[in-house]
Amino acid sequence: MYVILLGPPGAGKGTQAVQTAERTGLLHLSTGDMFRENLRNGTELGNLAKTYMDQGELVPDDVTIRMLLERIGRDDARAGCLFDGFPRTVEQAKALDEALSEQGNEIAVTILIDVSNEEITRRLGGRVSCATCGSVFHEIFNPPNAGSPCCGTVKMIQRDDDKPEAIANRLQVYADQTEPLVDYYNQTGKLASVNGEQSSQAVGEDLLTALQAVSS
Ligand code: AMP
């Protein structure tokens with residue numbers, strides 16, 4: 001089963017995708033994680049992506065589509081996957097539809113995690129991550145040093161794309177380039193929506209319910 005999680009930056013897609021993948025056994029594929037891994041490994045793709053990521057811009061479609069199609073062509077993706085952060089443009093969505101249809105597959109459902117702009121700005125402003133493992137915390141909602149320090153250290157970093165100018169840009173980019181996907185998937189009758197302003201646990205339950213509705 002191929003499933004897309006859609007939503008603005010900071011909607012909780014990453015956290016929900018990891019948990020939903022664990023609960024359903026679906027393979028979690030995040031294009032943001034793939035770019036960051038390339039960056040850590042110092043690849044050409046990583047260095048190219050960084051120039052866009054730091055400004056909250058999208059990495060060009062041709063590069064992103066090529067990377068994603070290569071990934072879903074591998075054996076471990078044959079049984080399906082949970083897309084997190086892809087597609088982000090109509091062109092990416094069309095490329096994904098085409099590639100899946102060539103394999104005799106299709107998107108089962110696209111689930112929108114719905115969160116208002118005001119809430120997103122509040123959430124992204126305090127987001128930090130562990131300098132060692134990359135785990136994400138929030139200065140207000142999920143403080144890094146509330147329990148035991150992550151990786152034995154309290155050193156936290158703010159992603160360049162979580163700085164204020166980049167946040168404003170990412171929201172604009174979402175409205176201009178990614179939000180049209182809500183209509184795109186609505187037209188195929190495969191769009192579901194969950195309220196992303198509930199507790200993280202309630203969002204997770206609603207996601208499972210939406211998935212069960214299409215798998216039964
Ligand atoms: P994310 O972790 O999903 O918020 O992604 C971080 C950054 O990676 C984004 O702000 C973009 O610069 C880039 N990125 C991730 N996924 C895509 C995509 N599907 N298309 C273009 N750029 C992407």
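**Ligand surroundings and the pairing of α2 with α4**

In the shell around the ligand, helix α2, which spans residues 31-40, gives the most, with four residues. The structure described here is a predicted model. The ligand is surrounded by 16 residues, of which Thr31, Arg36, Glu57, Gly85 and Arg88 come nearest. By residue class, the shell around the ligand divides into six charged, five polar and five nonpolar residues.

Several polar contacts to the ligand can be described atom by atom. The side chain of arginine 36 places an N or O atom 2.8 Å from an oxygen atom of the ligand, while at glutamate 57 a backbone N or O atom lies 2.6 Å from a ligand oxygen atom. A nitrogen atom of the ligand, in turn, is 2.9 Å from an N or O atom in the side chain of glutamine 92. Of the 480 Å² that the ligand exposes when taken alone, the protein buries 95%.

Helix α2 also packs against helix α4, which comprises residues 61-72, and the axes of the two helices come within 11 Å and cross at roughly 100°. Since angles of 65 to 115 degrees count as roughly perpendicular, α2 and α4 are therefore roughly perpendicular to each other. The contact is made on the α2 side by Thr31, Met34, Phe35 and Asn38, and on the α4 side by Thr64, Met67, Leu68 and Arg71. The residues of this contact of α2 with α4 divide into four nonpolar, three polar and one charged. Thr31 thus appears in both settings, being among the residues that come nearest to the ligand and also among those through which α2 meets α4.

Methods
Residues numbered from 1 in each chain as written. Predicted model: local features only at pLDDT ≥ 70, side-chain atom pairs only at ≥ 80, totals over all residues. Heavy atoms only, no water. Near = heavy atom within 4 Å. Polar contact = N/O pair within 3.5 Å; in protein donor to acceptor, adjacent residues only side chain to side chain. Areas by Shrake-Rupley, 256 points an atom, 1.4 Å probe, with all protein chains shown as cover. Nonpolar A, V, L, I, M, F, W, Y, C, P; charged D, E, K, R; others polar. Axes fitted to C-alpha atoms, helices over the stretch in contact; angles between N-to-C directions. Parallel < 35°, antiparallel > 145°, perpendicular 65-115°, else oblique. Contact = heavy atoms within 4.5 Å.
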